Every structure is written in structure tokens, then in C-alpha cells.
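Student: I'm new to this one. Could you walk me through a helix and some of its side chains?

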Amino acid sequence: MSLKDRYRHASLFIQNNNKTTNVKSMEMNRWKLYGFHKQCMDGDCGHPSVGPEHSSSESLKLKWNAWMACKGMSREEAMEGFISLVKEIDNSYEFKENDNSLDNRSKQPDMSDKLTATPKDTNST
């Protein structure tokens, strides 16, 4: 399978297994995944900084910082980084040849909603 297929598989895995994945590890790495994803899809961040109109938005700062941390990476390096981080977050992740979860998936999944959702308070009942 191609690197793109392995990346797509890891993206789908993290989206579909977010309830069984180690929540603490996922929260700690959410922005790293976002940065790798944006680098894969869009290349280097073209925004010089988070503008003053967004200065109160912590999530925009975190997104920008995560994407900037990937600056200069090739698309392939960002895909490999994403896949490695998914494995680190959930050690049950394994890419399997001919995995049916990729069937009928011609488009890259949109990770932005899954990766930028506000973290849930894990201490609430």
C-alpha cells in the first residue's frame, strides 16, 4: 500500500477509535496530529502569526503553533509523522494490507473537526 493509503488508514483509525484510544494521550497529542494533517494537506503555513483579532482564541494559537512546528516538512514526512504519532497514541493501531475500512474512501477524510474539538473534561461525571 502507498504512504497515502497508510495515512488515510491512520486518519480513519484515530477518528473511529477516539472512544477507545487513551484519552490523556490523545489530548496531549491532538495539536501535533492537527499540525501533521495541515502540513500534509496544505504545506507550510502561510500565515506569519495569529492576528490580533484572534489573540483571545487559544485554540487558534494552538493550531497555528502546531502547524508551524511542521514547517519545512515534505508531505511524505508529515504523513509518516502522523502515522507514527497515531501508533504512539494507541499502540493497538496496526496497518493491515487489504483492510476493508478503506473501501469506498476516494477522498481524504477531514480531520479538522476531530482534531480541533474542545477537549472534554475527563474528570466530570
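**A helix and its neighbours**

Student: Where is the kink in α2 centred?
Tutor: Keep in mind that this is a predicted model. Helix α2 covers residues 23–42, and its 20 residues reach 27 Å from first C-alpha to last, close to the 28 Å expected. Still, α2 has a kink of about 50°, and its centre is N29.

Student: What residue follows α2, and what is its phi?
Tutor: Go just past the end of the helix, which spans residues 23–42. There you meet G43, with a positive phi, near 75°.

Student: How far is the sulfur of C40 from the closest cysteine sulfur, and why is there no bond?
Tutor: A disulfide needs two cysteine sulfur atoms within 2.5 Å, and the whole structure has zero disulfides. C40 is buried at 0% relative accessible area, and C70 is buried too, at 4%. The closest cysteine sulfur to that of C40 is in C70, and the gap is too far for a bond: 8.2 Å.

Student: Are the rings of W31 and Y34 stacked or edge-to-face?
Tutor: Both residues lie in α2, three residues apart, about one turn of the helix. W31 is buried at 16% relative accessibility, and Y34 is buried at 9%. Their ring centres are 6.5 Å apart and the planes meet at 75°; planes over 60 degrees apart count as edge-to-face, so this pair is edge-to-face.

Student: Which ring does the charged end of K38 sit over?
Tutor: Look for a ring whose centre is 4.6 Å from that charged end. The ring belongs to W67.

Notes. Residues are numbered from 1 along each chain as its sequence is written. This is a predicted model: local features need pLDDT of at least 70, side-chain atom pairs count only at pLDDT 80 or more; totals for chains, interfaces and linings use all residues. Side-chain values use heavy atoms; hydrogens and water are left out. Helices (H or I, at least four residues) and strands (E, at least two) are DSSP runs, numbered from the N terminus. The expected span of a helix is 1.5 Å times one less than its number of residues. The bend at a residue is the angle between axes fitted to the seven residues ending there and the seven starting there. Buried means under 20% relative accessible area, exposed over 50%, partly exposed in between (1.4 Å probe, protein chains only). Rings of Phe, Tyr and Trp (its six-membered ring) pair if their centres lie within 6.5 Å; planes under 30 degrees apart count as stacked, over 60 as edge-to-face and the rest as tilted. A charge sits over a ring if NZ of Lys or CZ of Arg is within 6 Å of the ring centre and within 35 degrees of the ring normal.
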